[in-house]
Amino acid sequence: MIAERNSMASSNGATKPKRVAKVKIVSTIRDMQTVIERWRSNRKKIGFVPTMGALHEGHLSLIREARKTCDRVVVSVFVNPMQFGPQEDLEAYPHDLKKDTRLATSEKVDVLFVPTVDAMYPEGFATQVKGGAQYTQTMCGESRPDHFDGVTTVVAKLLGITRPHKAFFGQKDFQQALIVQRMVVDLNLGCEVEVLPTVRESDGLAKSSRNSYLSEEERRAAPALYQALKLAEGMLQVGERNPQDMLNAVTKRLRTESLIEIEYVTAKNANTLEDVNILAGRVLVAIAVQLGKARLIDNIVVDVPSGS
Ligand code: PAF
């Protein structure tokens, strides 16, 4: 393990260097597997947080939960080319491994797993894990038809390498989290998937690595997504049960910001992603928009008592 220097006051008042363990960075699959085998044979409970790097408070909330509930924490940093479409932002995707390393160190992550694209997809790689179309071809899957197959393939590989007891995902990517939960059950991958609440800026904007693409003017328009979702929540709370009426109000709110181009505004059954004729049960209200160069998504889940 590598150590870095920090200072600490000694008994005679002089500052004395204190060694703070820096997070261990593992870049080969073999080395990662060796660490996991050792932890498993010592009966350690392993928590895993998959990321594409550019860590922010949303990721940190997942890491903190992993730290609290598991003995060992692995965070992966891998910008997965398989989940980006040809016209998407793979090349521009923000990365800052130095900052990620600093944050992982301060959150006491045990291992930052940073594999290369060639290691993850070596020559001859030919297998894909595909979720059911009812989950992957709706909502974000309509404009990104191959995206979730890229996600399930890489997450299945990462779970196979890190063999965690628990894996942590954020609710901001609700559809992704549901698809991963389904995959873990369907393929008996034997880990628990925990989905944690979206972390927001003080004005409600969901934290996302892609927020860094926003200009000042776009950033000012961005809280409209959460405001529109809060409007939907309010309507549900006062008894609105007609999905179209609610979605019209959400759309109208978003349209007050001329920079926002709406991709979709939808209400679904939060367990199945099926359309709903009446707003009852566990309702997902989800939005995707384009705001300048940033594609932003957000959602809320509201439990609507049936018969109310
Ligand atoms: O949510 C993400 O950052 C990615 O989709 C994930 C889960 C790390 C897979 O590449």
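What follows is a chat between two people about a predicted model and the labels put on its residues.

Colleague: Let's start with charges. What makes Asp89 and Arg210 a salt bridge?

Modeller: The closest N and O atoms of Asp89 and Arg210 are 2.8 Å apart. The cut-off is a Lys or Arg side-chain nitrogen within 4 Å of a carboxyl oxygen of Asp or Glu, so the pair qualifies.

Colleague: And why say that this pair links distant parts of the chain?

Modeller: Asp89 is in the loop between strand 5 (72-77) and helix 3 (97-106), while Arg210 is in the loop between strand 8 (192-196) and helix 9 (216-221). That puts them 121 residues apart.

Colleague: Why is Asp89 called buried?

Modeller: Its relative accessibility is 17%, and buried means under 20%, so Asp89 gets the label. Arg210 also comes out at 17% and therefore counts as buried.

Colleague: How many salt bridges turn up in the whole structure?

Modeller: The search finds 17. Among the residues involved, Glu57, Arg64 and Glu107 are linked in a network.

Colleague: What about Arg219 and Asp203: how do you know that they form a salt bridge?

Modeller: Their side chains meet at 2.9 Å, N to O, and the limit is 4 Å, so that settles it. Arg219 sits in helix 9 and Asp203 in the loop between strand 8 and helix 9, so the salt bridge ties together parts 16 residues apart in sequence.

Colleague: Why are Arg219 and Asp203 described as partly exposed?

Modeller: Arg219 has a relative accessible area of 25%, and Asp203 is at 32%. Partly exposed runs between the 20% and 50% marks, so both residues belong there.

Colleague: Now Lys268 and Asp275. What makes one buried and the other exposed?

Modeller: Lys268 has a relative accessible area of 6%, which is under 20%, so Lys268 is buried. Asp275 has 58%, which is over 50%, so Asp275 is exposed. The two side chains still meet in a salt bridge, at 2.6 Å from N to O.

Colleague: Where is Lys268, and what else does its side chain touch?

Modeller: Lys268 is found in strand 9. Its side chain also makes a polar contact with the side chain of Thr138, at 3.2 Å. The cut-off for an N or O pair is 3.5 Å, so the term applies.

Colleague: What makes Arg295 and Glu263 a polar contact?

Modeller: The side chains of Arg295 and Glu263 are in contact at 2.9 Å, and 3.5 Å is the limit, so the label holds. Arg295 is placed in strand 11, and at 17% relative accessibility Arg295 counts as buried.

Colleague: On to the ligand. Which residues surround it?

Modeller: Pro50, Thr51, Met52, Asn80, Gln83, Val154, Phe169 and Gln176. The protein buries 90% of the 290 Å² that the ligand exposes when taken alone.

Colleague: How do you know that Gln83 and Gln176 make polar contacts with the ligand?

Modeller: A polar side-chain atom of Gln83 lies 2.6 Å from a ligand oxygen. For Gln176, an N or O atom of the side chain is 2.7 Å from an oxygen atom of the ligand. The polar-contact limit is 3.5 Å, so both pairs are inside it.

Colleague: How many residues of the shell are nonpolar, polar or charged?

Modeller: Four are nonpolar, four are polar and none is charged.

Colleague: Which residues have the most contacts inside the largest nonpolar core?

Modeller: Met246, Leu254, Val285, Ile287 and Leu296, in a core of 34 residues. Elements giving two or more residues to this core include helix 11 (243-255) and strand 10 (281-291). Helix 10 gives the largest share, seven residues.

Colleague: Last one: what makes the backbone at Ala54 and Leu273 worth flagging?

Modeller: Phi is near 50° at Ala54 and near 65° at Leu273, and each is a positive value in a residue other than glycine. Ala54 lies in the loop between strand 4 (46-51) and helix 2 (57-69), and Leu273 in the loop between strand 9 and strand 10. Ala54 has a relative accessible area of 17% and Leu273 is at 3%, so with the line drawn at 20% both count as buried.

Notes:
Residues are numbered from 1 along each chain as its sequence is written. This is a predicted model: local features need pLDDT of at least 70, side-chain atom pairs count only at pLDDT 80 or more; totals for chains, interfaces and linings use all residues. Side-chain values use heavy atoms; hydrogens and water are left out. Helices (H or I, at least four residues) and strands (E, at least two) are DSSP runs, numbered from the N terminus. Buried means under 20% relative accessible area, exposed over 50%, partly exposed in between (1.4 Å probe, protein chains only). A residue is near a molecule or strand if one of its heavy atoms lies within 4 Å of it. A polar contact is a pair of N or O atoms within 3.5 Å; within protein, one must be able to donate a hydrogen and the other to accept it, and residues adjacent in sequence count only if both atoms are side-chain atoms. Accessible areas come from the Shrake-Rupley method with a 1.4 Å probe; for residues, only the protein chains shown count as cover. Ala, Val, Leu, Ile, Met, Phe, Trp, Tyr, Cys and Pro count as nonpolar, Asp, Glu, Lys and Arg as charged, and the others, Gly among them, as polar. A nonpolar core is a set of buried Ala, Val, Leu, Ile, Met, Phe, Trp, Tyr and Cys residues joined through side-chain atoms within 4.5 Å.
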